[in-house]
Amino acid sequence: MRLLSLAALLGGLSLAALAQAQAPQTAPKVDITVFTSTDPALKDAPYTLRTSTKEMSLTIGIGSGAFRRQGDAPFRFFTLSDRGPNIACGDLDGYGANKDELCKEAPKNGRVYPRPGYSPSFYQVELDPATKTFKLVGVTPAKTKSGKPTSGLLNPLTVASTEIPLDGTGKKLEQDPNGVDMEGLAVLKDGTMWVGDENGPSLMQFDAEGRLQRRLVPTGTEKDYAAADYETIGALPAILTKRSLNRGIESLSISPDETHLYFLLQNPLANPDAKTYQAATNARLYKMERVSGKIVGEWVYPMDPVATYPGEKSPNNSTVRISEIMALSGDRLVVLERTEKTTRLYEVALTADGNILGSAWDDVATTPSLEATPSDAPAVKALKKTIRFDTAAYPEAPVKLEGMALAGDGRLMLINDDDFGIDGATTKILLIDGTGIRMN
């Protein structure tokens with residue numbers, strides 16, 4: 001076990017200073033244009049769970065990630081969906097369903113899928129600035145390497161934690177090694193698509209037709225995907241299996257020259273345990289050579305304390321999460337950090353002296369762990385953040401913003417994940433002027 005001294009961690013800082021929650025910086029004032037859609041392709045049939053009297057007006061959720069390639073039409077964007085409508089058994093009370101009855105086959109770790117046959121998909125959307133509306137202009141379902149549709153069902157994981165899928169009647173479904181939970185998105189000039197996966201966690205490479213070519217998973221978990229219809233490579237750090245349930249790789253982007261991928265964990269790891277995860281603020285950000293799959297850098301992104309977010313009553317910092325990143329030139333990134341009520345965008349710059357790859361923080365035996373150490377301890381080398389946008393001052397901004405890109409006119413595009421309408425939300429797209437975010 002590698003022990004780090006308290007003096008090394010704190011570097012002479014007082015415990016009172018470490019405990020004090022820092023107020024967020026003041027974001028610049030911006031102008032927001034909201035785009036909505038009546039496109040029938042975004043509608044799905046209503047659904048009522050067994051044992052429930054509450055009808056859900058389901059939609060097709062398209063906003064789990066976004067990307068725009070330089071040179072594409074100025075208001076056309078790639079987006080993607082996640083695994084489809086789903087509800088954890090622990091949350092069923094809010095949907096009028098009898099949790100004990102519907103989840104009796106998996107009372108502790110069940111997740112209900114009203115549309116288990118849904119295939120996660122890539123979309124293209126076009127904005128019309130004159131009407132402030134958008135429409136779908138392309139759909140590509142995700143497929144296995146041999147061309148069979150993928151599902152959004154849970155993988156049969158044995159090293160990382162997972163859940164048991166159930167349909168809307170409570171029937172247990174088979175876990176699927178080909179299942180994908182697509183989140184962050186990067187699209188190359190040749191049409192190749194890279195996707196961050198929240199469940200595994202993993203990184204997935206798709207061809208331009210949506211066929212999954214290879215999946216990069218944490219070292220030591222390859223056997224969990226042995227039955228999958230694609231190549232599996234143990235290229236990611238083994239420590240990523242300590243991600244908390246459903247808090248994997250939700251954020252992914254690519255450098256403008258397409259040589260490197262950047263990905264960020266949605267939350268700090270449960271390292272060494274769930275109690276640490278609930279209080280932690282140190283999320284791990286990685287840089288990877290795209291072609292070789294070699295990790296070349298790791299940085300600590302310090303998440304804001306939950307107490308700085310207005311209206312949040314939970315004491316757990318796991319309420320705060322990271323849902324998107326966007327790479328700019330020169331190893332600069334924009335990070336989308338949010339709760340269920342508020343979204344903040346921060347710009348960070350990766351530096352050589354902040355790179356912790358290969359340090360004691362990568363050893364699970366190190367105690368206290370990176371996640372159990374305050375973000376402002378000098379030994380952590382946390383990134384410096386500059387705020388670019390805060391929705392707290394803009395009530396027109398929807399909650400659960402998860403996709404981010406730059407439009408051709410330089411404005412920032414944000415899109416929300418409407419969770420397939422299970423809570424009544426719809427997809428909205430924002431164009432924002434005045435954030436100060438620039439590619440170069």
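**Side-chain contacts in the predicted model**

At 23% relative accessibility, glutamine 213 counts as partly exposed. The structure described here is a predicted model, and this residue makes a handy way in. Glutamine 213 sits in strand 12, which covers residues 212-218. Setting aside neighbours within four places in sequence, glutamine 213 is in contact with Lys145, Gln205, Phe206, Asp207, Tyr230 and Glu231. A polar atom of the glutamine 213 side chain also lies 3.2 Å from the backbone oxygen of arginine 211. Serine 146 is 67 residues away from glutamine 213 along the chain, yet the C-alpha atoms of the two are separated by 9.2 Å.

Arginine 211 and Asp207 turn up again, this time with each other. Arginine 211 forms a salt bridge with aspartate 207, and the closest N and O atoms are 2.9 Å apart. How accessible is each partner, arginine 211 and aspartate 207? Arginine 211 has 30% relative accessibility, so it counts as partly exposed. Aspartate 207, with a relative accessible area of 18%, is buried, because the cut-off for buried is under 20%.

That bridge has company. Side chains of opposite charge can pair when their charged atoms come close. In this model the count comes to 25 salt bridges. One of them joins the side chains of glutamate 101 and arginine 50, at 3.6 Å from N to O. Glutamate 101 belongs to helix 3 (residues 99-102) and arginine 50 to the loop between strand 1 (31-35) and strand 2 (65-67), so the bridge ties together parts that are 51 residues apart in sequence. Both ends have some access to the outside: glutamate 101 counts as partly exposed at 31% relative accessibility, and arginine 50 counts as partly exposed at 34%.

Another salt bridge runs between glutamate 340 and arginine 321, whose closest N and O atoms are 3.1 Å apart. It links distant parts of the chain, with glutamate 340 in the loop between strand 19 (332-338) and strand 20 (343-349), and arginine 321 in strand 18 (residues 321-327), 19 residues apart. Here glutamate 340 is partly exposed, with a relative accessible area of 37%, whereas arginine 321 is buried at 13%. Elsewhere, salt bridges that share partners join Asp304, Glu337, Arg344, Lys385 and Asp390 into one network.

Two members of that network also meet aromatic rings. Arginine 344 lies over the face of tyrosine 309, at 3.8 Å from the ring centre. Lysine 385 does likewise with tyrosine 346, lying over the ring face at 4.1 Å from its centre.

Rings also meet rings, and the structure holds four aromatic pairs. In one of them, the ring centres of tyrosine 118 and phenylalanine 420 are 5.2 Å apart and the planes stand at 75°, so the pair is edge-to-face. This pair links distant parts of the chain, 302 residues apart: tyrosine 118 is in the loop between strand 5 (110-113) and strand 6 (121-128), and phenylalanine 420 is in the loop between strand 23 (412-416) and strand 24 (429-433). Tyrosine 118 and phenylalanine 420 are both buried. A second pair is made by phenylalanine 389 and tyrosine 394, with centres 5.7 Å apart and planes at 35°, so it is tilted. Phenylalanine 389 counts as buried at 0% relative accessibility, and tyrosine 394 counts as buried at 13%.

Strand 5, which comes just before the tyrosine 118 loop, is part of an open sheet of three strands in the order 4-5-8, with mixed pairing. Strand 4 (87-88) and strand 8 (164-167) are the edge strands, each pairing on one side only. Strands 5 and 8 run parallel and are joined by four bridges. Valine 112 stands opposite leucine 166, a residue of strand 8.

Back in the loop between strand 1 and strand 2, the same loop that holds arginine 50, lies serine 52. Which residues does serine 52 touch beyond those up to four places away in sequence? They are Tyr95, Gly96 and Ala97. Two of these contacts involve backbone oxygens: the serine 52 side chain reaches that of tyrosine 95 at 2.7 Å and that of glycine 96 at 3.5 Å. Serine 52 is buried, with a relative accessible area of 12%.

Note on methods
Residues are numbered from 1 along each chain as its sequence is written. This is a predicted model: local features need pLDDT of at least 70, side-chain atom pairs count only at pLDDT 80 or more; totals for chains, interfaces and linings use all residues. Side-chain values use heavy atoms; hydrogens and water are left out. Rings of Phe, Tyr and Trp (its six-membered ring) pair if their centres lie within 6.5 Å; planes under 30 degrees apart count as stacked, over 60 as edge-to-face and the rest as tilted. Helices (H or I, at least four residues) and strands (E, at least two) are DSSP runs, numbered from the N terminus. Buried means under 20% relative accessible area, exposed over 50%, partly exposed in between (1.4 Å probe, protein chains only). A charge sits over a ring if NZ of Lys or CZ of Arg is within 6 Å of the ring centre and within 35 degrees of the ring normal. Two strands pair if DSSP finds at least two bridges between them. A salt bridge is a side-chain nitrogen of Lys or Arg within 4 Å of a carboxyl oxygen of Asp or Glu. A polar contact is a pair of N or O atoms within 3.5 Å; within protein, one must be able to donate a hydrogen and the other to accept it, and residues adjacent in sequence count only if both atoms are side-chain atoms. Contact means heavy atoms within 4.5 Å.
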